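Visitor: Hi, I'm new to this and could use a walk through the thing on my screen. Where do we start?

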Amino acid sequence: MGLVEDMLKGDKRALSRVITLVENNSQNCEEILSKLYPHTGNSQIIGVTGPPGSGKSTLINHLVREFVRKGYKVGVLAIDPSSEFTGGALLGDRIRMLEVSLDSNVFIRSMGTRGTLGGISRKTKEVVRVLEAFGKDKIIIETIGAGQSDIEITRTAHTVIVVLTPETGDDVQVLKAGIMEIGDIYVVNKADIGNAEFMVEEIKALIASKSSNVSKEWTAPVIKASAKKKEGIRELVEQVEKHWNYLKVSGEINKLEERRVKNEVVDTLNRKISNYLLSKLESEFGKEIFDEILKRKESPYSVVNRLIKKFLC
Amino acid sequence: MMAEKIRVLLAKPGLDGHDRGIKVVARALRDSGMEVIYLGIRNTPEQIVETAIQEDVDVIGLSILSGSHMYHFPRILQLLKERKAEDIVVIGGGIIPQEDKEKLEKMGVKAIFGPGTSTQEIIKKIKELIGNKKN
């Protein structure tokens, strides 16, 4: 397979093709990922999440520019939702990143969620590995516009940036569980539209009260920014670097990587076992099995247990 | 389980800012199950080709209403060739006179849609061009 070799030599088109093969779950997808795996593990994975329209893409554009200026190679994965009804998607994050899209050290790829919940696509994690193997120093994942509990990003990213805006609700919203718990760095963006100070103070208070029960030495900074006016960008870049440094010095990175690898194994196991058993379901019991359940002669549990007994035990 | 999708890059090259039409097309392609990478207005040919390569699209769709089609289409075809990416299908739409349309098609633009084209026609043509291997 020449494609993987070409990609490892730095061929962008080959990289792009490999990503497609992985995303499409093509037959040689696992073979490709296995070949690339030894080359992974050296990049900082940065997750950028927050509600739709909070300015994630514009902020990323600035982040990328600053990273490139520092001499880093940067990859961006921008995730937008696929339609549950048609499978189609409109991927529009790139529009905000045109400024950096022609730099030879930058590679940006848009992905639809293709039926996965949680804010990033199932395939995102694998494509991150591909970009790692390509030698990107910094890989930025932009989640879909996240709701309150789209926290899947924490399982892949080393550094999570939560982007919020002023006027997104009162102090009770800040107290809620979910996305407000996952930030390593918080950005109150669109500070130019006003009242950012209130939001900044509320988040700071939340972090201060939380840090008492966590032994971590990292206290999440809260940055007031305006991606439009290019304010707060330098501070954000500094904090991203500082967090990366903290992870390495404290040894946290090893724990994160260990958890990530475990997740990869568990995810792959879940998917393969479940696909395997699903393929046996109909051949073993026929389509009538669902009728049996409908007639209450069987239950979903008895059917699955029979399947497991027969094929896995 | 294979899950291929037709990926289409839609963009407006040049200074023409009339984006109503391209947005209607973007929406229609999305609803037909394709993945549309929407690049908006005022793109350079270099941006368009670089994006097409990074996104590994099957089709580039250009909307030009400003009369600059005889520059932008050939330039994009040429850049694709330089990048060894001539396999990416280029189509377009806008205000394009018949004689220019013929010239462009000879150069390698695979379809040009004029005013009044139904979105169904565009979808059908794309599926025809890309083949039935996908969706």
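Guide: Let's start with a word you'll need: a residue is called buried when its relative accessible area is under 20%, exposed when it is over 50%, and partly exposed in between. Also keep in mind that this is a predicted model.

Visitor: Okay, so what share of chain A is buried?

Guide: In chain A, buried residues make up 51% of the 313 residues.

Visitor: And what share for chain B?

Guide: Chain B has 135 residues, and 54% of them are buried.

Visitor: What is chain A built from?

Guide: Its secondary structure comes to 11 helices and 8 strands. The C-alpha atoms of chain A fill a box of roughly 60 × 50 × 40 Å along the principal axes.

Visitor: How does its radius of gyration fit with a compact globule?

Guide: For 313 residues, a compact globule would have a radius of gyration near 20 Å, and the 22 Å of chain A agrees with that.

Visitor: Let's switch to chain B. What pattern does it follow along the sequence?

Guide: Reading along, you get β-α-β-α-β-α-β-α-β-α. In total, chain B has 5 helices and 5 strands. Its C-alpha atoms fill a box of roughly 45 × 35 × 25 Å, again along the principal axes. A compact globule with 135 residues would have a radius of gyration near 14 Å, and chain B has 14 Å, which agrees.

Visitor: Can you pick out one residue in a strand there?

Guide: Sure, take B:Leu10, which lies in strand E1 (residues 7–11) of chain B. B:Leu10 has 4% relative accessibility, so it counts as buried.

Visitor: How far is B:Leu10 from B:Gly40 in space?

Guide: They are 7.6 Å apart, C-alpha to C-alpha, while in sequence they are 30 residues apart.

Visitor: New topic: pockets. What's the volume of the largest pocket?

Guide: About 770 Å³. The lining has 30 residues, and the ones nearest the centre are A:Leu33, A:Glu126, A:Glu264, A:Thr268 and A:Arg271.

Visitor: Which elements give two or more residues to that lining?

Guide: Three helices of chain A do: H3 (29–36), H5 (122–134) and H9. The largest share comes from H9 of chain A, with 9 residues.

Visitor: And what classes of residue line the pocket?

Guide: The lining of the largest pocket has 13 charged, 11 polar and 6 nonpolar residues.

Visitor: What about closed-off spaces? How many cavities of 30 Å³ or more are there?

Guide: The structure holds 1 of those. The largest cavity has about 30 Å³ of space in it. Its lining is made of A:Thr154, A:Arg155, A:Thr156, A:Ala157, A:His158, A:Leu256, A:Arg259 and A:Arg260. By class, that comes to 3 charged, 3 polar and 2 nonpolar residues.

Visitor: I've heard rings can pair up. How many aromatic pairs are there over all chains?

Guide: The count is 3. One of these pairs is A:Tyr276 with A:Phe311: the ring centres are 6.3 Å apart and the planes are at 90°, so the pair is edge-to-face.

Visitor: Where do those two sit in chain A?

Guide: A:Tyr276 is in helix H9 (residues 252–285) and A:Phe311 is in helix H11 (residues 300–311), so the pair ties together parts that are 35 residues apart in sequence.

Visitor: How accessible are they?

Guide: A:Tyr276 counts as partly exposed at 35% relative accessibility. A:Phe311 is partly exposed too, with a relative accessible area of 22%.

Visitor: Does anything charged come into it? I mean, which ring has the charged end of A:Lys138 over it?

Guide: That's the ring of A:Tyr72, and the charged end of A:Lys138 is 4.5 Å from the ring's centre.

Visitor: Last thing: what should I know about phi angles?

Guide: Most residues other than glycine have a negative phi. Here, A:Asn25 has a positive phi, near 55°. A:Asn25 is in the loop between helix H2 (12–23) and H3 of chain A, and at 22% relative accessibility it counts as partly exposed.

Visitor: And is there one to look at in chain B?

Guide: Look at B:Asp56, where phi is positive and near 50°. B:Asp56 is in the loop between helix H2 (45–54) and strand E3 (59–64) of chain B.

Visitor: Is B:Asp56 buried or exposed?

Guide: B:Asp56 is buried, with a relative accessible area of 8%.

Technical notes
Residues are numbered from 1 along each chain as its sequence is written. Chains are lettered from A and ligands numbered from 1 in the order in which they are written. This is a predicted model: local features need pLDDT of at least 70, side-chain atom pairs count only at pLDDT 80 or more; totals for chains, interfaces and linings use all residues. Side-chain values use heavy atoms; hydrogens and water are left out. Rings of Phe, Tyr and Trp (its six-membered ring) pair if their centres lie within 6.5 Å; planes under 30 degrees apart count as stacked, over 60 as edge-to-face and the rest as tilted. Helices (H or I, at least four residues) and strands (E, at least two) are DSSP runs, numbered from the N terminus. Buried means under 20% relative accessible area, exposed over 50%, partly exposed in between (1.4 Å probe, protein chains only). A charge sits over a ring if NZ of Lys or CZ of Arg is within 6 Å of the ring centre and within 35 degrees of the ring normal. On a 1 Å grid over the protein atoms alone, a cavity is a set of points where a 1.4 Å probe fits but cannot get out, and a pocket is an open set with protein on both sides within 12 Å along at least five of seven lines; lining residues have an atom within 4 Å of a point. Grid points are joined across faces, edges and corners, and a volume is the space filled by probe spheres set on the points. Ala, Val, Leu, Ile, Met, Phe, Trp, Tyr, Cys and Pro count as nonpolar, Asp, Glu, Lys and Arg as charged, and the others, Gly among them, as polar. The radius of gyration is taken over C-alpha atoms; the globule rule is 2.2 Å times the number of residues to the power 0.38.
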